[in-house]
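These are my notebook entries on what I looked up in the structure shown below.

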Amino acid sequence: MSKVFTVDVAKCNGCYNCQLACKDEHVDNDWSPYAKPQPETGHFWLKLQENVCGTMPKVKIHYIPQLCNHCEKAACMQTCTSVFYRRNDGLVMIDPDKCVGCETCLTACPYGAIYFNDDLNIAQKCTGCAHLLDNGFEVPRCVEACPTEALQFGDEDDMQDFIIGATVSMPETGMRPKVFYRNIPGKFIAGTVYDPIDKEVVIGARCRATNGGKTVEVLSDEYGDFWFKDLAMGKYDIVIEAKGFAFETFDAVDATIDVNLGDIALTRKC
């Protein structure tokens, strides 16, 4: 039965325990025949990607653990059929005793999940801590170290409640990754509305974002801030309406990136 990793991005607080646990488990430790020691530097068999979105002061940060996807149709396995193999539990492995250091697999992997050990002249990557699984441990070290349970590991059949509706990295590759993600934030459009005469923020302004006939509405908060969160990429027409003020509009705001509209001065009605 295939094993999978699942990641709830909303639960990840960026503690880096998973990345550190991976280093602790593999640096200077020879787990042959599963893997040779990982170098101290340069290798991140699990890497926590920090994503800083927006511009000051409208900034959001989220973290995404990245590791070998143990793809069902792995491109790396096609490069060296005698070196790569798949275990019965679905984990994709590199035989360190057969690798000749040709580095072909490094360019074949679209995720950049395979590293080259210059000292040992072999390719290396996440093993799913197969050496632990085969010795009575239920989960890899990275999962064990996650304090918020953002990172999970288990049988694919048992994880269907999470997997259904989840996404994978670069699905267009057709490799069918076995690392599933939920709650990766969409794009946002944000700003602050204020009255330039009274020099006060405007609380409770109705702010609407429209794209393709669909409208999202939020109210400005006690700081005058408004946030349109988890938007699909596209262009949005923004309308801001507050009692006693003229409408403020922004046409075709491009939300292919996170947008901070800045401080928006509302004009009082005559």
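Entry 1, terms and sources. Strands are DSSP runs of E with at least two residues, numbered from the N terminus, and two strands pair if DSSP finds at least two bridges between them. The model is predicted, so I noted that local features need pLDDT of at least 70, side-chain atom pairs count only at pLDDT 80 or more, and totals for chains, interfaces and linings use all residues. Residues are numbered from 1 along each chain as its sequence is written, and side-chain values use heavy atoms, with hydrogens and water left out.

Entry 2, the sheet. I found an open sheet of three strands in the order β8-β1-β9, with mixed pairing. At its edges stand β8 (151–155) and β9 (179–182); each has a single partner strand, so one side of each lacks a neighbour in the sheet. Strand β1 (residues 3–8) runs parallel to β9, and four bridges join them. I looked up V7 and found that its bridge partner in β9 is Y181.

Entry 3, the cores. I noted that a nonpolar core is a set of buried Ala, Val, Leu, Ile, Met, Phe, Trp, Tyr and Cys residues joined through side-chain atoms within 4.5 Å; buried means under 20% relative accessible area, exposed over 50%, and partly exposed in between (1.4 Å probe, protein chains only). The largest core has 48 residues, and among those touching the most other members are F5, F84 and I114. A second, separate core of 20 residues includes V193 and F226.

Entry 4, V59. I located V59 in strand β3 (residues 58–67). V59 is partly exposed, at 26% relative accessible area.
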